[in-house]
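I opened this notebook to record what I looked up in the structure, one topic per entry.

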Amino acid sequence: MSGTLRVAMIGHGFMGAAHSQGWRTAQRVFDLPVETEMAVIVGRNAEGVADAAAKWGWAESATDWREVIARDDIDLVDIVTPGDSHAEIAIAALEAGKHVLCEKPLANTVAEAEAMADAAARAAARGIRAMVGFTYRRVPAVTFLRDLIAQGAVGRIAQVRASYRQDWLVDPDMPLGWRLQKEHAGSGALGDIGAHAIDLAQFVTGMQLERVSGVVDTIVKQRPLQGAGSGLSGTAAEGFGEVSVDDIAIFTGRFAGGVLGSFEATRFATGRKNALSIEVSGDKGALAFDLEDLNSLRFYDRTAPNQLQGFTKILVTEPEHPYVAAWWPAGHTLGYEHGFSHQVKDLVEAIDAGIDPHPSFAEGLQVQRVLAAVEQSSERDSGWVGVGERTL
Ligand code: SOE
């Protein structure tokens, strides 16, 4: 690596915009140990990717990711494509000696995720780092919630509730974008947003899911084909196609140590736009977070005098809170995009320090195993499935 970390980003959809924001802003806000350079953005559509480069601040655009990965003047590859290409690109990049940041879920299947985790382990032995983009870990209120739990604020954990609820599929005219096609996305609400809820629950509690029991369902089975645009912003064209993924996933999970968790991932929660929420209940108190109110936490202190008990809203906007000091004066709020800058900061610092960043590909693989186990439980039509039992 030169004194500068030269980044290539593969993909230029919604996540491309979000990650670009992170690369552009992190180095201006945080005192990073190495400079970062937005060297090249890659996409199949030459015109579209050139526009993205100009708009988001990439020095160059290109259409062939293999050529870009082979370049000596690239140090890190950021993968923001749909899940069906994560494994191929990430493994090739790691083998070419590039650090990798890969969007979630890590892959579309457990087998792919295993191959990626193996490649990351081999690369780590050569000082090459890999990280998966579960960005919500880096919302200051979430990181702070994790810290509070680790410090014992809720005491002994008794129960965990995690859900990620959206409503963009309630509209039957919403076209059949790649997120609704199994061959591109792997699964539906389960992998796209349930993966975030799983990662968050395991991250904040420090406990891993060992068994799950759940059910997935598809409410609208056919949708208009997608015409212009792509992903979440595509428009409908003539004709209909089959939805091959779940719209809703609901499951219970047993963490190591026996604690129970309940999970919900849905794109049919009418009125819930982007509600990722988690609540952890313990014998000393409880902590809750909701992405729709992301600058705060709710804390219930069971050790307080009875007459003072009740959930208290903590504003996570102070310099003592994780990441916050670098931004605005105390009391000023942050939003969705800031997690992407925090992700860049933590990744760059880990690379510079020569340590493996988190969430690692091994952690991404474990989430993938949970997703597969939920699907298997649903296919069996009831009952617990061990995480890791399904290998595909
Ligand atoms: C769409 O469901 C989506 O953009 C997800 O793909 C992201 O992972 C999530 O952060 C927001 O919603």
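Before I list any strand pairs, I note that two strands pair here if DSSP finds at least two bridges between them. The model I am reading is predicted.

**Entry: the pairing of β8.** I began with β8, which is joined to strand β17 (residues 385–386) by two bridges, the two strands running antiparallel. In this pair I found arginine 211 opposite glycine 386 of β17. I then turned to strand β11 (residues 248–255), which runs antiparallel to β8 (residues 209–217) and is joined to it by eight bridges. Here serine 213 stands opposite threonine 252 of β11.

**Entry: the open sheet.** Which order do the six strands of the open sheet take? I read the order as β3-β2-β1-β4-β5-β6, with parallel pairing. Because β3 (60–62) and β6 (130–133) stand at the edges with a single partner strand each, one side of each is left without a neighbour in the sheet. Neighbouring strands of this sheet are turned against each other by 25° on average, direction ignored. As a reminder to myself, strands of a sheet pair through backbone hydrogen bonds, either parallel or antiparallel. Within this sheet I looked at strand β4 (residues 76–79) and strand β5 (residues 99–103), which pair in the parallel sense over four bridges, and I noted aspartate 78 opposite leucine 101 of β5.

**Entry: leucine 5.** I next checked a residue of strand β1 (residues 4–10), namely leucine 5. Is leucine 5 buried or exposed? With the cut-off for buried set at 20 or more other C-beta atoms within 10 Å, leucine 5 counts as buried because 24 lie within that distance. Leucine 5 and methionine 38 are 33 residues apart in sequence, while their C-alpha atoms are 8.8 Å apart in space.

**Entry: the annotated spans.** From the UniProt record, an unreviewed entry, I copied "domain: Gfo/Idh/MocA-like oxidoreductase N-terminal" for residues 5–124. That span is 48% helix and 22% strand, and its end C-alpha atoms lie 17 Å apart. The UniProt annotation "domain: GFO/IDH/MocA-like oxidoreductase", also from an unreviewed entry, covers residues 145–287. Over residues 145–287 I have 19% helix and 39% strand, with the end C-alpha atoms 7 Å apart.

**Entry: the partners of β13.** I followed strand β13 (residues 275–282) to strand β7 (residues 157–165), with which β13 pairs in the antiparallel sense over eight bridges; arginine 161 stands opposite glutamate 279 of β13. Strand β14 (residues 285–290) also runs antiparallel to β13, joined by five bridges, and valine 280 stands opposite leucine 287 of β14. I recorded β13 and β14 as a hairpin with two residues between them.

**Entry: helix α10.** How far apart are the end C-alpha atoms of helix α10 (residues 361–380)? They are 28 Å apart, which agrees with the expected span of 28 Å, because the helix has 20 residues at 1.5 Å a residue. I found α10 mostly covered, with 16 of its 20 residues buried. Aspartate 381 follows α10 and has a positive phi, near 65°.

**Entry: the ligand.** Which residues surround the ligand? I listed Phe14, Gln166, Asp192, Ile193 and Asn274. By character this shell divides into two nonpolar, two polar and one charged residue.

How values were computed:
Residues are numbered from 1 along each chain as its sequence is written. This is a predicted model: local features need pLDDT of at least 70, side-chain atom pairs count only at pLDDT 80 or more; totals for chains, interfaces and linings use all residues. A residue is near a molecule or strand if its C-beta atom, placed from the backbone, lies within 6 Å of it. Ala, Val, Leu, Ile, Met, Phe, Trp, Tyr, Cys and Pro count as nonpolar, Asp, Glu, Lys and Arg as charged, and the others, Gly among them, as polar. The expected span of a helix is 1.5 Å times one less than its number of residues. A residue is buried if 20 or more other C-beta atoms lie within 10 Å of its own, exposed if 12 or fewer, and partly exposed in between; C-beta atoms are placed from the backbone. Axes are lines fitted to C-alpha atoms, for helices over the stretch in contact, and angles run from 0 to 180 degrees between N-to-C directions. UniProt positions are given in the numbering used here, feature names are shortened, and annotations may be inferred rather than shown by experiment.
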